[in-house]
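Dear colleague,

Please find below the structure I agreed to pass on to you. My notes on what was found in it follow directly after.

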Amino acid sequence: MSIIEQMLLKYDIKSSDDVINALKEIYQEIALLGLYRGGFFQKACFYGGTALRIIHNLDRFSEDLDFSLLKKDNEFDIEEYFTFIVDEFEALNLKVELIKKRKTTKSDIESAFLKNDTSIHTLSIDVPKLSNILNTIHSGKKLKIKFEVDTNPPLNFKTSSHTMLLPTTFNILAMTLPSLYAGKLHALLFRNWKTRVKGRDWYDFEWYIKRGAKVDLRHLKQRMVDSGDFKKDTDLNIDTLKELLHTKIDTLDIQKAKDEVKVFLNDSHSLEFWSRDYFHILADKIEVV
């Protein structure tokens with residue numbers, strides 16, 4: 001049995017979408033291994049929705065790999081690690097192409113795209129019931145994974161090391177759960193998407209509350225100050241945070257939130273209870289470190 005087959009065994013494959021989501025996550029983990037081989041985690045840590053999914057078993061799929069440097073470095077070049085990532089895929093007989101995104105505007109985000117040049121249909125994956133599902137996927141289907149590095153990150157976050165077992169045993173550095181929670185709340189409160197609603201932010205917020213996680217308030221304030229959404233000399237406490245959340249919830253378009261997140265879920269029935277009243281209840285249950 002190949003490594004890819006081993007990694008697929010942990011997924012409940014029922015549809016072609018399940019195959020795509022599973023393979024994308026497996027490719028994310030292979031990319032993390034390549035970054036580890038290149039010494040990337042000596043300079044950066046993993047954060048965001050995919051970190052929650054891979055490290056803390058968040059029950060929804062996530063698209064991107066997001067990283068933060070441990071200290072600000074505007075000269076950081078993600079391209080130094082491309083060879084290590086490509087090598088890991090080639091070791092598994094998977095051909096990929098890595099392309100650095102050329103900046104058109106000044107940004108602290110160093111971006112690249114990982115594109116799989118091997119169609120899913122031609123992969124040799126002999127897992128029970130999987131072969132019939134694969135036949136439903138268009139032979140030209142390709143996967144694309146975007147990963148970004150914040151080279152000028154909000155600091156005052158904490159990190160911890162985590163051991164991955166597949167494709168082989170290796171360690172990655174990630175923000176702690178309270179610091180990850182802070183990053184999620186910052187996105188939820190201040191993400192500027194105009195009329196769009198990122199339901200994944202609210203799904204993750206619900207997940208944190210149900211898990212009894214606590215927010216790293218110091219890191220949240222640093223993010224808010226750096227983004228210009230909070231004054232440095234103003235105190236951020238739990239009451240202020242709750243007030244911000246309640247105000248945001250008052251204008252939340254619940255249906256748009258549901259529509260955005262459901263494609264990332266195996267079972268969307270959990271969204272049936274969503275309402276503004278429900279999120280107000282969750283906001284009152286928030287805890288801080």
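In which helix does histidine 280 lie? In this predicted model, histidine 280 belongs to helix α11, which covers residues 276–284. The residue counts as buried because its relative accessibility is 17%, below the cut-off of 20%. The side chain of histidine 280 makes a polar contact of 3.0 Å with the side chain of aspartate 250. Once neighbours within four places in sequence are set aside, histidine 280 is in contact with His246, Ile249 and Asp250.

Turning to the chain as a whole, there are eleven helices and seven strands. Of the 289 residues, 52% are buried. Among contacts with a separation of 6 or more, 70% are between residues 24 or more positions apart. The exposed area of the chain is about 14600 Å², of which carbon and sulfur atoms supply 46%.

I would also draw your attention to the largest pocket, whose volume is about 1300 Å³. Its lining comprises 41 residues, and those closest to the centre are Tyr47, Asp66, Ile109, Glu148 and Arg191. The elements that each supply at least two lining residues include the strands β2 (65–69), β4 (109–116) and β5 (144–150), as well as the helices α3 (49–56) and α7 (199–211). Helix α6 gives the most to this lining, with six residues. By residue class, the lining of the largest pocket holds 18 charged, twelve polar and eleven nonpolar residues.

With kind regards

Key. Residues numbered from 1 in each chain as written. Predicted model: local features only at pLDDT ≥ 70, side-chain atom pairs only at ≥ 80, totals over all residues. Heavy atoms only, no water. Helix = DSSP H or I, 4+ residues; strand = E, 2+ residues; numbered from the N terminus. Buried < 20%, exposed > 50% of the residue type's maximum accessible area, 1.4 Å probe, protein only. Polar contact = N/O pair within 3.5 Å; in protein donor to acceptor, adjacent residues only side chain to side chain. Contact = heavy atoms within 4.5 Å. Areas by Shrake-Rupley, 256 points an atom, 1.4 Å probe, with all protein chains shown as cover. 1 Å grid on protein atoms, 1.4 Å probe; cavity = no way out; pocket = protein on both sides within 12 Å on 5 of 7 lines; lining within 4 Å. Points joined across faces, edges and corners; volume = space filled by probe spheres on them. Nonpolar A, V, L, I, M, F, W, Y, C, P; charged D, E, K, R; others polar.
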